[in-house]
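Here is a short tour of a two-chain model, written for someone who likes to check geometry by eye. Have your viewer ready and follow along.

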Amino acid sequence: MKYSVMLAAVGVFAAGAAVAQQPIRIGVLYPLTGGGAVYGVPAMAGHQLAVEELNAKGGILGRKIESIERDDKLNPASASSTMKELITKDKVDIVLGGLASSVGLAMSEVSKQEKVVYISTIPKSIQITTDKLHKYVFRTSANTDQEGDTMAMLAGKNKLSKICHLELDYAYGNDLEVGILKALPKYAPDAKIVLTLKPKLGATDFNPFIPQVMAAGCDGVLSGLWGPHFVSWVKQAAPLGFFNKIKWISGGEIGSHEIAGELKGEYPDNVISNAYELWYHGNDPSHAAFQARLAKKLNTQETPQWAALGYIGVMYAAAAMEKAKSTDPDKVAEALEGLSIGTPVGKLTIDAKTHQANIGQFWGPMVKKPDRAYRIMEPAEYIQPK
Amino acid sequence: MSVTEWRVPSHEIASMTLTMFTLNAFYGLALAMNMFIIASGLNLIFGVLRVINFAHGMFYMFGAYITFTVAKSWGAPFFVGVLAAAAALGLIAFAIERLLLRHLYDKEHLMQLLFTFALVLLMSDAAKMIWGTDQYSVGYPPGMGGAIDLGFVVLPQYQLFLCAIGPLIAVAMWLLVDRTRWGRVVRAATQDREMLAALGVNVPMVYAAVFTIGSALAGVGGALAAPRIALVPGMDATIINECFIIVIIGGLGNMWGSFLGALAFGFVVQFGTVLAPNWQDVLPYLLMLVVLLIRPWGLLGRPEAGH
């Protein structure tokens, strides 16, 4: 009897010691295959960079970080099941990532059910931090209201009177449309939307839409066509002289170097757009060092903007656990509310009520430079929500 | 969300002017021709080998990526890139057929399906290793990046070129299959390959050649699509569905059927998306449904004997 009590006591101590040494597990999902990999892979690189840096400094709460990385396949159903597996099987302490808004919403739902903190690092749908907000979900990327507000402001500033509106027909496009329409009367009261078109997500053929926009007689386009959608549009519309007459004000980070660097001479005139981060232009003293480390990791000077978002997600997770002195989801969630940290794009604060970080974006016209083969954003203005 | 009220009734589209009609018809035709080139390869392979090649979309993607490497990274002329894509895909396909696929002809269809599906996964990983996950862009060939002004309508040059090359390939395939000795052998192979072998024809080599040509067509299709779209991982996924739809509409194994199927697909997608944008996702499937209700064996297909 005595022995068994002693053995049990030893067992308890041993278990306690094992817990203290166990790594902190961060689950992360980005699209690593298929069309979303263009962004998911660099975002994951930023995520890994942050984990490596933290581990080099001793991890979080003195424990090493183990990053468990999964492919969300840009698919909400697949992301849900993978995230559940991360929580139940891999016992992760927190989940980060997502790229598509539809995936972000699905991951938020799992986080709510399983009571595990989820930091949405890229998905922009406003619903994540409004209608579908709950205790465990936080966002460190911009959202569709914020992006829509800036786009409406730019429409006013550029004195657009007849606007054609292009959005992709899914969560992000629909929510961005709402954000723009909400803000437009404030900035451009006289502007009229003469045509709204919604190509499908993943469309490669925009020929059914291009002639309609050209015939509508608008002086500007507000667009949410991101990445490959924008590139395909440019390729099909440019031969018709589309961009000679029409100002293209776009969300979806087509001002990022990923797009400009690939399109090079094919990048059209008259584009004003956004980017989270620009390797050639910083707004914070820490940016240059971050960019240099990223350049070393990725082995290219011209680093992709998505890495910063993956990076910031991990920094927030670490800061919250340090502040909570725990990995308990309830305590970490409380710690995230109102938490401020320094990031490569400046100091950010997560709003305690909306769970939304006040991250901004660079906005500006994409201009040619005599000494460069690709366009750059200049002047790039960092616009942060109030 | 009450977003839809903001949609402007498409009055300009409803009263489609001559200009808009011509432009849309032209775009529909260009899309059809690009799709025909790809689908005709799938159709040829099915017609002779009776193999449904799921990897055909992947061959298309490789065609586009190879064109990118040759024409952009190496700086060769665009059409050298197209030829390189055709040659490379032909070579890859020949190797696949000789080393692997030929063992599966006598197996059940499920084995063949699983095999071509496995090819999709393998090639998708290979593409990731070779080209990474970046997005790529191939420029228009010189002199084809603009448009021609016909007075009442302006037509982009490259799409005009696609409209010309599609029928050329169709006629070339028709001559090859219907007007040459080799074509007769191929057609005979679809009927009775044991008899053909007994007559002294090297049937396995006929099969290998058909698989090579069919796959090279996917490569050419991808190469020709490259200047007008963004090249991204996953670009194979939708194209394979669309090719199946075209081949099924036209009638499995029938080349002119695929041509008609591609035309139907091109016009329905182009005009349908303009007139009923909310239906853009289902339009091709709707087209297939309607055709199959009226002609279950496709436009130019024939009901299979014994069924």
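The report goes through the sheet and domains of chain A, then the helices of chain B, and last the contact between the chains.

Please keep in mind throughout that this is a predicted model.

**The sheet of chain A**

A good place to start is the open sheet of chain A, where five strands lie in the order 2-1-3-4-5 with parallel pairing. In general, strands of a sheet pair through backbone hydrogen bonds, in either a parallel or an antiparallel way. At the edges are strand 2 (65-71) and strand 5 (137-139) of chain A, each of which pairs on one side only. Ignoring direction, neighbouring strands of this sheet are turned against each other by 20° on average.

Zooming in on one pair, strand 3 (residues 94-97) and strand 4 (residues 118-120) of chain A run in the parallel sense and share three bridges. To find the register in your viewer, look for V95(A), which stands opposite Y118(A) in strand 4 of chain A.

Which helices pack on this sheet? One is helix 4 (residues 101-114) of chain A, which touches strand 1 (24-30), strand 3, strand 4 and strand 5 of chain A. The direction of helix 4 makes about 165° with that of strand 4 of chain A. Another is helix 12 (residues 306-324) of chain A, touching strand 1, strand 3 and strand 4 of chain A. In this case the direction of helix 12 makes about 155° with that of strand 3 of chain A.

**Two domains in chain A**

The domain assignment splits chain A into domain 1 (21-142 + 286-355) and domain 2 (145-275 + 362-383). Taken over C-alpha atoms, the centres of domain 1 and domain 2 of chain A are 28 Å apart. Where they meet, domain 1 of chain A contributes 13 residues and domain 2 of chain A contributes 17 residues. Helix 4 of chain A supplies the largest share of the domain 1 side, with three residues. By class, that side of domain 1 of chain A holds five nonpolar, six polar and two charged residues.

**Two backbone details in chain A**

Most residues other than glycine have a negative phi, and most peptide bonds are trans. Chain A offers an exception of each kind. K264(A) is not a glycine, yet has a positive phi of about 45°; K264(A) sits in the loop between helix 10 (257-263) and strand 10 (271-275) of chain A. The peptide bond from E378(A) to P379(A) is cis, with omega near -5°, and P379(A) lies in the loop between strand 14 (376-377) and strand 15 (381-383) of chain A.

**Helix packing in chain B**

Three helix pairs of chain B are set side by side here.

| Helix pair (chain B) | Axis separation | Angle |
|---|---|---|
| Helix 3 (56-73) and helix 9 (203-225) of chain B | 7 Å apart | about 50° |
| Helix 3 and helix 5 (109-131) of chain B | within 10 Å | roughly 15° |
| Helix 11 and helix 12 (283-294) of chain B | within 9 Å | roughly 130° |

At about 50°, helix 3 of chain B is oblique to helix 9 of chain B, and the crossing is right-handed. Their contact includes F59(B), G63(B) and T67(B) of helix 3 of chain B, and A218(B), G219(B) and G222(B) of helix 9 of chain B. This contact has nine nonpolar, seven polar and no charged residues.

With an angle of roughly 15°, helix 3 of chain B is roughly parallel to helix 5 of chain B, and this crossing is left-handed. Among the contact residues are M58(B) and Y65(B) of helix 3 of chain B, with V120(B) and W131(B) of helix 5 of chain B. The classes here are nine nonpolar, one polar and no charged.

Helix 11 and helix 12 of chain B are oblique to each other and cross in a right-handed way. Residues of this contact include F265(B) and G272(B) of helix 11 of chain B, and P284(B) and L287(B) of helix 12 of chain B. Seven nonpolar, two polar and no charged residues take part.

**Where the chains meet**

How many residues does the contact take from each chain? Chain B gives 40 residues and chain A gives 38 residues. On the chain B side, elements that give two or more residues include helix 1 (11-14), strand 2 (154-156) and helix 6 (157-179) of chain B. Helix 2 of chain B gives the most, with five residues. That side of chain B has 21 nonpolar, 14 polar and five charged residues.

Technical notes
Residues are numbered from 1 along each chain as its sequence is written. Chains are lettered from A and ligands numbered from 1 in the order in which they are written. This is a predicted model: local features need pLDDT of at least 70, side-chain atom pairs count only at pLDDT 80 or more; totals for chains, interfaces and linings use all residues. Axes are lines fitted to C-alpha atoms, for helices over the stretch in contact, and angles run from 0 to 180 degrees between N-to-C directions. Helices (H or I, at least four residues) and strands (E, at least two) are DSSP runs, numbered from the N terminus. Angles under 35 degrees count as roughly parallel, over 145 as roughly antiparallel, 65 to 115 as roughly perpendicular and the rest as oblique. A crossing is left-handed if the near helix is turned anticlockwise from the far one by less than a right angle, and right-handed if clockwise. Two residues are in contact if their C-beta atoms, placed from the backbone, lie within 7 Å. Ala, Val, Leu, Ile, Met, Phe, Trp, Tyr, Cys and Pro count as nonpolar, Asp, Glu, Lys and Arg as charged, and the others, Gly among them, as polar. Two strands pair if DSSP finds at least two bridges between them. Domain bounds come from an automatic or database domain assignment.
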